[in-house]
Amino acid sequence: LEDLLKINPLDYQSLRYRVLQAYVEKVKVPESIYSKGSEEVRKFRYMLKAEKTFQIVSTSLSSIARAPRKESLPAFYGEIIDIASKGLYNTVIDEAVKAIKIISRLWREYRNKILDSSSVSEAKTYSREFVGRVLSIVKRNVKHLYITKDIAKIVKETPCIDTSSPLFIIAGMPQVGKSTLVSKISSAKPKISPYPFTTKNVILGHLDLGSTRIQIMDTPGILDRPLSEMNDIERRAIAALRTLQSVVLYLIDPSIDAYYSIDQQIDVLRTVLTIVGKEKILVVFNKIDKVDGKRLDYCRKLLNSYGYNVDLEISALQGIGIDKLIIEALKRYDLLYKTSYSYSQ
Ligand code: GDP
């Protein structure tokens, strides 16, 4: 993640602006050049101006060229970046690498040309020509420079997940009580991380159980539609479910007046199951404080008719069944990843 944070968010216009701004600024010629006479000093000045352009452009492009390729990123970040960059992340890295090579070669050529000029005006012409050519190389070769802005934004908004401690991901349709559950669990020992993102993104909270720090992630609500029609926010939720070593708590609101019907919620559960696999998921009925026994029974049976079971029944709002939920989730985590957190408390 650190390497990704180093990517300089840029587009062609802002880079061009920075280069031109820097070009008109005064440059300081070293004392040693003064002894060579005023003509040489003026030529040297044009060399320094061109050098500034070279430095700005190559530093900016290097931050991209040096970024880890998608294959070497942890799967979750790879997917998040793919979504943000519309699959063009590796492409922009390749473009930057190639452009740096061309620009470095050009710089060596123009540096000599400027210093060897027969007159100040020739030095000036070469210096300006260099700037024009560099900018046109960037424009032509780094066509996807603009996506670095989207990448930088998403990297800043994505929490850093500690892969050495257990992670529970809360999933489900909007309004089923995901945020309520996250804040309830995390407030048991209030340690909600102060990450500056909105509830539309993934949010990470913590719960300290003895020496074990459990990470609890709230994901954006997933809607009842095929993967191909999901928006970027839903796709990020799916990426988290699929790629992170975790137990998924799939929340269902069985109330009669739930925002989405029980059938819709089971539909989404089926989609999630096909992506994530049955082993990783605990199916949780929430809001049992406001659902009567008859309705609960109906919902359980409906779920059974699809071949699924309710693993737990809770009320996030009133704190009913939360301890059991954590114990069961931790047991499932141990089973899946051959750890022993549930026994170390
Ligand atoms: P999210 O969209 O899944 O994150 O859902 P929220 O956590 O924002 O909850 C949606 C609404 O359901 C809010 O008005 C919550 O107060 C309410 N809610 C959440 N959990 C419970 C619960 O256990 N019982 C009841 N009665 N309401 C709940």
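User: Okay, contact means heavy atoms within 4.5 Å. What kind of model is this?

Analyst: This is a predicted model, where local features need pLDDT (the predictor's confidence in each residue, from 0 to 100) of at least 70, side-chain atom pairs count only at pLDDT 80 or more, and totals for chains, interfaces and linings use all residues. Residues are numbered from 1 along each chain as its sequence is written, and side-chain values use heavy atoms, leaving out hydrogens and water.

User: What is the average pLDDT of the protein chain?

Analyst: The average is 90, and 94% of the residues score at least 70. Over residues 187-200, though, pLDDT stays under 50, and the model has 28 contacts beyond four places in sequence for them.

User: Which residues of H6 and H7 meet?

Analyst: Helices (H or I, at least four residues) and strands (E, at least two) are DSSP runs, numbered from the N terminus. From H6, the residues include Ile102, Ile103, Leu106 and Trp107, and from H7, they include Tyr126, Phe130, Val134 and Ile137. By type, the contact residues are 13 nonpolar (Ala, Val, Leu, Ile, Met, Phe, Trp, Tyr, Cys and Pro), 2 polar (the others, Gly among them) and 6 charged (Asp, Glu, Lys and Arg).

User: How do the axes of H6 and H7 cross?

Analyst: Helix H6 (residues 89-115) and helix H7 (residues 120-141) have axes that come within 10 Å and cross at roughly 175 degrees. Axes are lines fitted to C-alpha atoms, for helices over the stretch in contact, with angles from 0 to 180 degrees between N-to-C directions. H6 is therefore roughly antiparallel to H7; angles under 35 degrees count as roughly parallel, over 145 as roughly antiparallel, 65 to 115 as roughly perpendicular and the rest as oblique.

User: And what about H2 and H4?

Analyst: The axes of helix H2 (residues 12-24) and helix H4 (residues 38-65) cross at roughly 155 degrees and come within 9 Å, so H2 and H4 are roughly antiparallel. Among the residues that meet are Leu15 and Val19 in H2, and Ile56 and Val57 in H4. Their contact has 9 nonpolar, 2 polar and 3 charged residues.

User: New topic! What order do the strands of the sheet have?

Analyst: The order is E2-E3-E1-E4-E5-E6, in an open sheet of 6 strands with mixed pairing (two strands pair if DSSP finds at least two bridges between them). Strands E2 (203-209) and E6 (312-313) are at the edges with a single partner strand each, so one side of each has no neighbour in the sheet.

User: How many bridges join E1 to E3?

Analyst: There are 4, and E1 (residues 167-171) runs parallel to E3 (residues 212-218). Ile169, for example, has Met217 in E3 as its bridge partner.

User: Which strands does helix H12 lie across?

Analyst: H12 (residues 293-305) lies across E4 (247-252), E5 (281-285) and E6, at about 155 degrees to E5. H12 also packs with helix H11 (residues 262-276) at about 35 degrees, their axes 11 Å apart.
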